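Reader: I should like to understand how the descriptive terms applied to this model are justified. Could each be set against its definition in turn?

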Amino acid sequence: MEYALPIGIENFEEIITQNYYYVDKSLLIKELLDLKGKVNLFTRPRRFGKTLNLSMLRYFFEDSGDARKNETNRNLFDGLKIMDAGDIYTAQMGQYPVISLTLKSAKQPNFDSAFYQLKNEIAGEFSRHNFLLNSSELSESEKEKFRSIMDWKGSYDEYSGALQFLSKCLFKATGKKSVILIDEYDVPLESAYFGGYYEKMTDFIRSLFELGLKTNDELEFAVITGCLRISKESIFTGLNHLNIISVLNRQYSEHFGFTAEEVRKMMVYYHRENRFSDMQQWYDGYSFGDKDIYNPWSVISFMYDLKADIYAFPRAYWANTSSNEIVRKLIQNADQETKARIELLLAGKTMDIQIHEEVTYEDIDGNEEQLWNFLYFTGYLTKTGEWMEGRNIILRVVIPNEELKSVYDNIVLGWFKENIKKQDFRDLYQAMEDGNTEKMTSILTEQLMNTISFYDSAENFYHGFLAGILVQSRKYIVKSNRESGNGRSDLVVKSPSLRGRAFILELKISKHIDELEKDAKRALQQIYCRKYREDLHAEGYRRITCYGISFYRKDCEVAGDTE
């Protein structure tokens, strides 16, 4: 029987027992035990396997208190690489109480709703350990507090101290220190920042972590995952034993995301290896430590489509899993220098940024350099090189692949459409009606200066740019790429009334700024040579104005003639 593809399956037991295809990441366990970090924070972009890896760790390390359940959990790892790593590692199976929390559901627009979700998650984990209520090692007051948290009746302070309290109860009942696993720790912080309650959420997460990870003698070790490495001062106060493993680190570099070998093996299994180049172009390009990594969510999603149709087109699967607020914020607030840097990236060029190892969401507003760091650590940029300048780490970064380019493109286009809706282009239409090409040139050049250009797909960009402006008129109908005469005119603008005006606009892209005037006249001549006006004549229009428009980066030239 062929393995199914695990779209959205993040539970390790379900993947193994329900015959899903699994890319073996079990050597993460070996490296974790070898490096012996006390509190380990893994930062990786979203949908890069963080949740599944934490689920795997729980099933490996957890002593459920039931010998048969422990044996069942052990069997989940049959045939995986960790079982061949040696007895020193397999001896750790089923040896610890495990506290497992995910904070990904706490992304509500206000603190009370987000705190409700956090209480729900904490209460659920207490319920999972409700066998402690039968332990003779716990006092009645401890059991009463336990019930209070489990039944949603605890105080704010009891929930902020829940990690410490639960590990204390587990130690008293079992004599073993706990492994604490926390997934997507920064989701509540991101939502709080955009929702306007960042300080409140920061205070709660800080207390939860400080009590559970710093002043906790019953902690064996902890693994935390998130997209960003939030500064110690804001969240991880006093955690001197915190080991932060970001996309810069060479340790653990191949355990989150897929390597080229893993992707090729999957494609061979499903007999789709002939589409490897598309997979590479669209979903490769991430550099974690010294490893070249593919986006696992997108790889699996594309494979799912390829199974059904070997000719399926690649799509931006990852783009649909988040709001992309960080990119949107960069583009909305961009000054001319920032726009120029974005344009370089969109053209496939690189840029250099200074890396700041620890950041806060509050840095987004006042520090553009920090915003580039956010884009890097969250997967919207990847490194192509790195070096030291003095005491600073400098990265050369680029947009990783076609999937991410489409994310930027769509956000830029969305921003442009929203921006031009707020403007009044009656002056442009008046200039078109008057045949005032100088005024048209001036207005269009001003708009080009204020927007972000896609120079690697120039014709499509300038066509969309001009069409987007022209459709703002309520007086005219705009037809794009309209079949006419012996060819295709770029844009036709016409009055609903045949007694009104009609315009034909033909576009050219110049190779040099000195060629703008010549190319504008060449575009105008093309309208006449290819008889683009014939269909408008046939419809009954008599007042037809033709314009040739040439573009070179942020400059344009308009040539016109009226019949």
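Author: A residue is called buried under 20% relative accessible area, exposed over 50%, and partly exposed in between. The model to which this is applied is a predicted one.

Reader: Why is Asn-19 called partly exposed?

Author: Asn-19 has a relative accessible area of 33%. Partly exposed is the class between under 20% and over 50%, and Asn-19 is therefore partly exposed at 33%. Asn-19 is found in the loop between helix H1 (12–17) and helix H2 (27–35).

Reader: What makes the phi of Asn-19 worth a remark?

Author: Most residues other than glycine have a negative phi. Asn-19 has a positive one, near 60°. Lys-531 also has a positive phi, near 55°, and is likewise a residue other than glycine. Lys-531 lies in the loop between helix H23 (516–529) and helix H24 (534–539), and with 42% relative accessibility it counts as partly exposed.

Reader: How do you know whether Gly-65 is buried or exposed?

Author: The relative accessibility of Gly-65 is 68%. Exposed means over 50%, so Gly-65 counts as exposed at 68%. Gly-65 is placed in the loop between helix H3 (50–61) and helix H4 (67–75). Gly-65 and Phe-131 are separated by 66 residues in sequence, while their C-alpha atoms are 9.1 Å apart in space.

Reader: Why does Thr-441 count as buried?

Author: Buried means under 20%, and Thr-441 has 15% relative accessibility, so it counts as buried. This residue is found in helix H21.

Reader: What is Thr-441 in contact with, leaving aside its neighbours within four places in sequence?

Author: Thr-441 is in contact with Cys-556, Glu-557 and Val-558. A polar atom of the Thr-441 side chain lies 3.2 Å from the backbone nitrogen of Val-558. A polar contact requires a pair of N or O atoms within 3.5 Å, and the separation here is 3.2 Å.

Reader: How do you know that the length of helix H11 agrees with its number of residues?

Author: Helix H11 comprises 17 residues, 198–214, and at 1.5 Å a residue they should span 24 Å. Its end C-alpha atoms are 22 Å apart, which agrees.

Reader: Which residues of H11 are buried, and what puts them on the same side of H11?

Author: The buried residues are Tyr-198, Met-201, Thr-202, Phe-204, Ile-205, Leu-208, Phe-209, Gly-212 and Leu-213. They cover an arc of only 165° around the axis, and therefore lie on the same side of H11. The face of H11 turned away from that buried side carries Glu-199 and Lys-200, which are exposed.

Reader: What makes S8, S10 and S9 a sheet, and in what order do the strands stand?

Author: Two strands pair if there are at least two bridges between them. Four bridges join S8 to strand S10 (residues 392–398), and seven join S9 to S10; both pairs run antiparallel. The result is an open sheet of three strands in the order S8-S10-S9. Strands S8 (351–354) and S9 (382–389) are its edges, since each pairs on one side only. The twist averages 30° from one strand to the next.

Reader: Which residues stand opposite one another in this sheet?

Author: Ile-353 has Leu-395 in S10 as its bridge partner, and Thr-382 stands opposite Val-398 in S10. S9 and S10 form a hairpin with two residues between them, and Gly-390 in the turn has a positive phi of about 65°.

Reader: Which helices lie across the strands of this sheet?

Author: Helix H16 (residues 336–346) lies across S8 and S10, at about 125° to S8. Helix H18 (residues 368–377) lies across S8, S9 and S10, at about 105° to S8. The buried residues of H16, among them Ile-342, Leu-345 and Leu-346, are covered by elements including S8, H18 and S10. At the start of H16, a side-chain oxygen of Asp-335 reaches to within 3.3 Å of the backbone nitrogen of Glu-337. Just after H16, Gly-348 takes a positive phi of about 85°.

Reader: Why is strand S13 called mostly covered?

Author: Eight of the nine residues of S13 (501–509) are buried. S13 pairs with strand S14 (residues 543–552) in the parallel sense over nine bridges, and Arg-501 stands opposite Arg-543 in S14.

Conventions. Residues numbered from 1 in each chain as written. Predicted model: local features only at pLDDT ≥ 70, side-chain atom pairs only at ≥ 80, totals over all residues. Heavy atoms only, no water. Axes fitted to C-alpha atoms, helices over the stretch in contact; angles between N-to-C directions. Contact = heavy atoms within 4.5 Å. Buried < 20%, exposed > 50% of the residue type's maximum accessible area, 1.4 Å probe, protein only. Polar contact = N/O pair within 3.5 Å; in protein donor to acceptor, adjacent residues only side chain to side chain. Expected span 1.5 Å × (residues − 1). Arc of directions from axis to C-beta.
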